[in-house]
Amino acid sequence: ADFGGDEMSREFTTNWLQEREAKLRGKQFKNYLRIGEPEELEGPLHDQIINACERMEWPYVHSRMDKPSRVGVGTFDFIIGAKMETTLLVECKARDEEPNADQEKVHAAWRAAGFKTCVCWNLEEFWAYATRMGVGK
């Protein structure tokens, strides 16, 4: 539909409509499709993903939660070797938290290199991502 005006006003109108629809749905945050209810705390979600990795016998690297990152600011919470040529890059969040600017920058760099990344707020979202990557439970 043509709303008239220049390109910027059409983009603003489209963005505004998309944001308004997202707020009405209540489950969309920025570019993230939310499934189910978010965890209240991030720690239990980390524990659930660790248990899932161990159950699936997937090797993983887990960033510590008790200290600032020593690997690099914005690094994923999990880098998981799910199977040959399938790497899961997972950032965990709780409640209405979203990735910060440093995390967004790191995620964008990995996506630019051809990887698919995931921000998840619960275990169901983690498994949805793993399934999309061909390694679901």
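A quick word on terms before the points: helices (H or I, at least four residues) and strands (E, at least two) are DSSP runs, counted from the N terminus. Keep in mind that this is a predicted model.

1. The sheet. Start with the open sheet, where four strands sit in the order S3-S4-S5-S6 and the pairing is mixed. Strand S3 (60–62) and strand S6 (117–120) are the edges, each pairing on one side only. From one strand to the next, the twist averages 25°.

2. The antiparallel part. S3 runs antiparallel to strand S4 (residues 78–83), and three bridges join them. If you want a landmark there, Tyr-60 stands opposite Ile-80 in S4. S4 and S5 are antiparallel too, with five bridges, and Gly-81 faces Thr-87 of S5 across that pairing. These two strands make a hairpin with two residues between them, and Glu-85 in the turn has a positive phi of about 70°.

3. The parallel part. Moving on to S5 and S6, the sense switches to parallel, with four bridges between them. Glu-91 has Val-119 in S6 as its bridge partner, while Cys-92 stands opposite Cys-120 in S6.

4. How covered are these two strands? In S5, six of the seven residues are buried. S6 is covered on both faces, with Thr-117 and Val-119 buried on one side and Cys-118 and Cys-120 buried on the other. That arrangement fits the general rule: in a regular strand the side chains alternate between the two faces of the sheet.

5. Helix H3 against the sheet. H3 (residues 101–112) packs on the sheet, touching strand S5 (86–92) and S6, and its direction makes about 145° with that of S6. The helix has 12 residues and reaches 16 Å from its first C-alpha to its last, close to the 16 Å expected at 1.5 Å a residue.

6. Which residues of H3 are buried? They are Gln-103, Val-106 and His-107. Looking down the axis of H3, the buried residues fall within an arc of 100°, so they line one face of the helix. S5 and S6 are among the elements that cover them. On the face turned away from that buried side you'll find the exposed residues Ala-101, Lys-105 and Ala-112.

7. The ends of H3. At the N-terminal end, Asn-100 acts as the cap, with a side-chain oxygen 3.0 Å from the backbone nitrogen of Asp-102. Just after the helix comes Gly-114, which takes a positive phi of about 100°.

8. Helix H4. This one (residues 123–132) lies across S4, S5 and S6, running at about 155° to S5. Its buried residues are Glu-125, Phe-126, Trp-127, Tyr-129 and Ala-130. Asn-122 caps the N-terminal end, placing a side-chain oxygen 3.1 Å from the backbone nitrogen of Glu-124. After H4 comes Gly-134, with a positive phi near 85°.

9. One for the viewer: Leu-33. This residue is in strand S2 (residues 32–33). Is Leu-33 buried or exposed? Exposed means over 50% relative accessible area, and Leu-33 has 64%, so it counts as exposed. Leu-33 and Cys-120 are 87 residues apart in sequence, yet their C-alpha atoms are 9.3 Å apart in space. Cys-120, by contrast, is buried.

Definitions and conventions. Residues numbered from 1 in each chain as written. Predicted model: local features only at pLDDT ≥ 70, side-chain atom pairs only at ≥ 80, totals over all residues. Heavy atoms only, no water. Pairing = 2+ DSSP bridges. Axes fitted to C-alpha atoms, helices over the stretch in contact; angles between N-to-C directions. Contact = heavy atoms within 4.5 Å. Expected span 1.5 Å × (residues − 1). Buried < 20%, exposed > 50% of the residue type's maximum accessible area, 1.4 Å probe, protein only. Arc of directions from axis to C-beta. Polar contact = N/O pair within 3.5 Å; in protein donor to acceptor, adjacent residues only side chain to side chain.
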